[in-house]
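Subject: Structure handover, ligand site

Hi,

Here is the structure we talked about. Please open it alongside this note; my findings follow below.

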Amino acid sequence: MTIRAVATGIGHYLPERIVPNAAFESRLETSDEWIRARSGIERRHFAAEGETTSQMATAAARAALAQAGRTATDVDAVIVATSTPDRTFPSVATMVQAGLGMTSGFAFDVQAVCAGFVFALSTANAFITSGQAQTVLVIGAETFSRIMDWQDRSTCVLFGDGAGALLLDAQKGQGTPEDRGILGLDLQSDGRFRDLLYVDGGVSLTQSTGVLRMQGREVFRHAVEKLAAAAHNALGKAGLGAQDVDWIVPHQANLRIISRTAQKMGVGMDRVVVTVQDHGNTSAASIPLALSTWVAGGQIKRGEVLVAEAIGGGLAWGAVVLRW
Ligand code: ACO
């Protein structure tokens, strides 16, 4: 018998305010056409003034619990992937814990920028398979609109805000690729590339928040190779191959990265979840947001094999294979 971390609920939250590409045209030398052609993004949601990462994370968590027909008292642990917490500390996860009315269990944040949700899933899987937790809420939540340089057209048109949450439960499996739940993982990072994508402020360096800086072309160059390799490794550890994949659930940063990675993996675009046009790049929130949107739409069905893959600042990247 093998313990598996099985997805039992999913939900998301998107702020009300939707900003189309055209909204940038009056302030910057850019166009709807350029943004669509280079990134695939058409619109994004921005948090309202005063709306925080923890509020969005809590809303997504409530939606996931409701979908599973469960309550917060069932949850042993809350793990939030975010690079845009409400405060330097305490963690967003403890704020979610309080927001849900949980008086037991444990909560903490994971920071691996756009790869954060994959790292958080892997952490939750380790707690569940080692018997330290039975039921874990894994949340990706971001307010990247708060760390944008609004004068920098090469970054501010790409990002959005939102949150997605996945409920994972310990269930018995046979130890075969036919089991439901997380079947394979591959995590990587390489700090030599830390200057390709960073925030130019921080607690110990500047005592300020700072704004995002990115060498987009360089990140792009790394993304396809590294994502395809991570997906390949994770599938191998799961005892599966590309032919077994029902859906790639990629980090939604850029449609060209998404399609070239799928091509390198030998998976057609008819088997790739794409929401980047509606959400922009929501960093650690993008995978659970995309997954939740397509599960709600009925495209992703129980028993199907999913590969979630993401890369972000660090560089940090990875892939998770799970049977839904
Ligand atoms: N509107 C119009 N022109 C623009 C804009 C804009 N918004 N932004 C940049 N340009 C210009 C550039 O100045 C450049 O002009 P130049 O040739 O005169 O110098 C030209 O467009 C081409 O710029 P590139 O950067 O080469 O454009 P590219 O095709 O690489 O697309 C993009 C840029 C969309 C940023 C792409 O490189 C990308 O998606 N990179 C990866 C981003 C990513 O995946 N990040 C990882 C996750 S994010 C995280 O971890 C937080």
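By class, the shell around the ligand holds 14 nonpolar, eight polar and five charged residues. Please keep in mind that this is a predicted model.

Which residues come nearest? Of the 27 around the ligand, they are Thr30, Arg38, Cys114, Arg217 and Asn254.

Two of these names return in the polar contacts. The side chain of Arg38 places an N or O atom 2.5 Å from an oxygen atom of the ligand. For Asn254, a side-chain N or O atom is 2.6 Å from a ligand oxygen. The backbone takes part as well: a polar backbone atom of Arg153 lies 2.9 Å from a nitrogen atom of the ligand.

How much of the ligand does the protein cover? On its own, the ligand has 1,000 Å² of accessible area, and the protein covers 78% of that.

Now the pocket. The ligand sits in the second largest one. Five elements give two or more residues each to the shell: α1 (32–39), α5 (153–156), α6 (216–238), α7 (255–265) and β12 (305–312). Of the shell, α6 supplies the largest share, with four residues.

Where do the shell residues sit by domain? Domain 1 (2–173) and domain 2 (181–323) each contribute at least three residues to the shell.

For a quick look, start at Arg38 and its 2.5 Å pair with the ligand. Then go to Asn254 and its 2.6 Å pair. Finish at the backbone of Arg153.

Best wishes

Note on methods. Residues are numbered from 1 along each chain as its sequence is written. This is a predicted model: local features need pLDDT of at least 70, side-chain atom pairs count only at pLDDT 80 or more; totals for chains, interfaces and linings use all residues. Side-chain values use heavy atoms; hydrogens and water are left out. A residue is near a molecule or strand if one of its heavy atoms lies within 4 Å of it. A polar contact is a pair of N or O atoms within 3.5 Å; within protein, one must be able to donate a hydrogen and the other to accept it, and residues adjacent in sequence count only if both atoms are side-chain atoms. Accessible areas come from the Shrake-Rupley method with a 1.4 Å probe; for residues, only the protein chains shown count as cover. On a 1 Å grid over the protein atoms alone, a cavity is a set of points where a 1.4 Å probe fits but cannot get out, and a pocket is an open set with protein on both sides within 12 Å along at least five of seven lines; lining residues have an atom within 4 Å of a point. A molecule sits in a cavity or pocket if more than half of its atoms lie within 2 Å of its grid points. Ala, Val, Leu, Ile, Met, Phe, Trp, Tyr, Cys and Pro count as nonpolar, Asp, Glu, Lys and Arg as charged, and the others, Gly among them, as polar. Domain bounds come from an automatic or database domain assignment.
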